[in-house]
Amino acid sequence: FKSAYVAAKHGLVGLTKVAALETAGQGVTVNAICPGYVLTPLIEAQIPDQMATQGKTRDEVVAMLLARQPSGEFATIEQVAGTAVFLCSPTAAQITGTTISVDGGWTAL
């Protein structure tokens with residue numbers, strides 16, 4: 001049940017690359033931040049639904065969500081925002097057309 005979600009993510013990665021190439025040399029950088037699970041209000045709202053659907057405790061649902069995140073922790077909103085701030089800084093002026101994962105090691109699996 002994830003085909004639309006996965007297709008959209010792949011499309012955004014492709015769009016990031018093309019937009020970066022089209023704006024290269026113009027002082028514009030285009031990158032994508034790809035977080036793993038972040039404990040947002042959306043995820044918080046999904047946990048009770050998963051508990052009811054699967055007959056699991058909150059801890060079991062959280063463990064299930066984080067099973068693909070080797071750090072075993074949710075990324076924080078501040079970590080994702082900090083990555084965005086870095087990408088907007090002069091230090092990142094030559095970073096363009098890439099994805100940066102904030103996922104506790106998920107993509108390393």
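Two residues are in contact when heavy atoms of theirs lie within 4.5 Å, and a residue counts as buried when its relative accessible area is under 20%. With those ideas in hand, let's walk through this predicted model.

Start at helix α1, which runs over residues 3–23. Its 21 residues, at 1.5 Å a residue, should span 30 Å, and because the C-alpha atoms at its ends are 30 Å apart, the expectation and the model agree. Now look around the helix. Which residues of α1 are buried? They are Thr16, Ala20 and Thr23. These residues cover an arc of only 85 degrees around the axis, so they sit on the same side of α1. Turn the helix to its other side and you will find exposed residues instead: Ser3, Ala4, His10, Leu15, Leu21 and Glu22. What covers the buried residues of α1 includes the strand β1, residues 32–35. Just after the helix comes glycine 25, with a positive phi of about 85 degrees.

Next, let's visit the cysteines. A disulfide needs two cysteine sulfur atoms within 2.5 Å, and by this rule the count comes to 0. Cysteine 34 takes part in no disulfide, as the nearest cysteine sulfur, in cysteine 88, is 15 Å away. Seen from cysteine 88, the closest cysteine sulfur is that of cysteine 34, and 15 Å is too far for a bond. Are these two residues buried or exposed? Cysteine 34 has a relative accessible area of 19%, so it is buried. Cysteine 88 has a relative accessible area of 69%, which means that it is exposed.

Our last stop is helix α4, made of residues 77–87. Threonine 83 belongs to this helix, and it is buried because its relative accessible area is 14%. What does threonine 83 touch, leaving aside its neighbours within four places in sequence? It is in contact with Ile33, Ile100 and Val102. Alanine 84 is in α4 too. With a relative accessible area of 29%, alanine 84 is partly exposed. Its C-alpha atom is separated by 9.1 Å from that of alanine 32, although the two residues are 52 residues apart along the chain.

To retrace the tour, find the buried side of α1 with Thr16, Ala20 and Thr23, then β1 among what covers those residues, and finally threonine 83 in α4 with its contact to Ile33.

Conventions
Residues are numbered from 1 along each chain as its sequence is written. This is a predicted model: local features need pLDDT of at least 70, side-chain atom pairs count only at pLDDT 80 or more; totals for chains, interfaces and linings use all residues. Side-chain values use heavy atoms; hydrogens and water are left out. Helices (H or I, at least four residues) and strands (E, at least two) are DSSP runs, numbered from the N terminus. The expected span of a helix is 1.5 Å times one less than its number of residues. Buried means under 20% relative accessible area, exposed over 50%, partly exposed in between (1.4 Å probe, protein chains only). The arc is that of the directions from the helix axis to the C-beta atoms.
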